[in-house]
Amino acid sequence: MPLDVAFQMDHIARINITGDSTFALMLEGQRRGHRLFHYTPDRLAMRDGRVSARIETVAVRDVPGDHFTLGTPEEVDLSTLDVVHLRQDPPFDMGYITTTHLLERIHPKTLVVNDPVHVRNAPEKLFVTEFPDLMPPTLITRDESEIRRFRKEFGDIIIKPLYGNGGAGVFRLSGHDENLGSLLEIFATAYREPYVVQRYLPEVRKGDKRVILVDGKAVGAINRVPAEGEARSNMHVGGRPEKVDLTPRDRDICERIGPVLKERGLIFVGIDVIGDSLTEINVTSPTGIREVKRFGGVDIASLVWDAVEARR
């Protein structure tokens, strides 16, 4: 049975369809005959407990530069739809958090993917700390003395904003780098939240693996190799995607966290693994679908839709 499905996302005109997982989900949903709608988060509204948005029909094509057609915007009660995909990119700020509060009012009558309550309660760099034995040594604080003590203990460290994304604001500092004080001054001005400080993992030179889980099960992975002279492996900043297989350690990690993801209604999740260490659990708008398929892996968009349809 065709479903009425809305995508809450950054505007479709601005996405790069070559590697965009939301676009892959839209293509597969359209192929299955579902009726697709598009809206941006600023179009959400709630009046007297009724959550609505100005949405427009959307047709998609896998053609760069000509990848979509939108209909006329119309204000619609979102509880009348079957599914809403919560897919706008971070930053995970109060605007993002507010959308989860609004979408919580319609879920699960309208299935929101991922569950907005658990998206709100599972910021990528905090959720992962529920599994400390799987992680590298990690400190979350704004306290400069604690950060200096951590660096003295571990030498090479990574510092990054707690609610950042795409590699923005990620710095590597060696044990003798004299820029720590200046960097912390900049962070104190730029961010009100604590920072994440982790022991640097030299295995990142071989790649930062993105493993994708659907309904709590590992279904595919890609490796992201940092560019020469770059500590970050994110594809936004020049990381090179490579084909990769899941290791026994990857599967052990997924078996540990998978039941928790499924229990919390986190259908589509991407985790980051460097060497043997879990570094992030991404539940907001994980990526990697198109890269996995491009390297001959499974069609993850199809698996996500199977999980969604099973709940309808």
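The questions and answers below concern a predicted model.

User: In what order do the four strands of the open sheet lie?
Analyst: The pairing within this open sheet is antiparallel, and the twist averages 20 degrees from one strand to the next. The edge strands, each of which pairs on one side only, are β9 (138–141) and β11 (171–173). The order of the four strands is β9-β12-β10-β11.

User: Which residue of β12 does P161 stand opposite?
Analyst: Strand β10, covering residues 157–161, runs antiparallel to strand β12, covering residues 195–199, and five bridges join these two strands. P161 therefore falls within the residue range of β10, and the residue that stands opposite P161 in β12 is Y195.

User: Which helix packs on the sheet, touching β10, β11 and β12?
Analyst: The helix in question spans residues 180–190, and its direction makes about 15 degrees with that of β10. The helix that touches these three strands is α6.

User: Is the ring pair of F187 and Y195 stacked or edge-to-face?
Analyst: Both F187 and Y195 are buried, and ring pairs link these two residues with F171 and Y191 into a cluster. The ring centres of F187 and Y195 are 5.2 Å apart, and because their planes stand at 85 degrees, where over 60 counts as edge-to-face, the pair is edge-to-face.

User: How is the aromatic pair of F92 and Y96 oriented, stacked or tilted?
Analyst: F92 and Y96 are both buried, and their rings lie 5.4 Å centre to centre. The angle between the planes is 40 degrees, and because planes under 30 degrees apart count as stacked and those over 60 as edge-to-face, this pair is classed as tilted.

User: Is H85 buried or exposed?
Analyst: H85 is found in strand β7, which comprises residues 83–86. Leaving aside neighbours within four places in sequence, the residues in contact with H85 include V5, F7, L25 and W305. The relative accessible area of H85 is 1%, and because buried means under 20%, H85 is buried.

User: How many of the 11 residues of helix α1 are buried?
Analyst: Helix α1 runs over residues 21–31, and at its start a side-chain oxygen of D20 reaches to within 3.0 Å of the backbone nitrogen of T22. Just after α1, G33 takes a positive phi of about 90 degrees. Among the buried residues of α1 are F23, L25, M26 and E28. The helix is largely enclosed by the rest of the structure, because the buried residues number eight.

Definitions and conventions
Residues numbered from 1 in each chain as written. Predicted model: local features only at pLDDT ≥ 70, side-chain atom pairs only at ≥ 80, totals over all residues. Heavy atoms only, no water. Pairing = 2+ DSSP bridges. Axes fitted to C-alpha atoms, helices over the stretch in contact; angles between N-to-C directions. Contact = heavy atoms within 4.5 Å. Buried < 20%, exposed > 50% of the residue type's maximum accessible area, 1.4 Å probe, protein only. Polar contact = N/O pair within 3.5 Å; in protein donor to acceptor, adjacent residues only side chain to side chain. Phe/Tyr/Trp six-rings, centres within 6.5 Å; stacked < 30°, edge-to-face > 60°.
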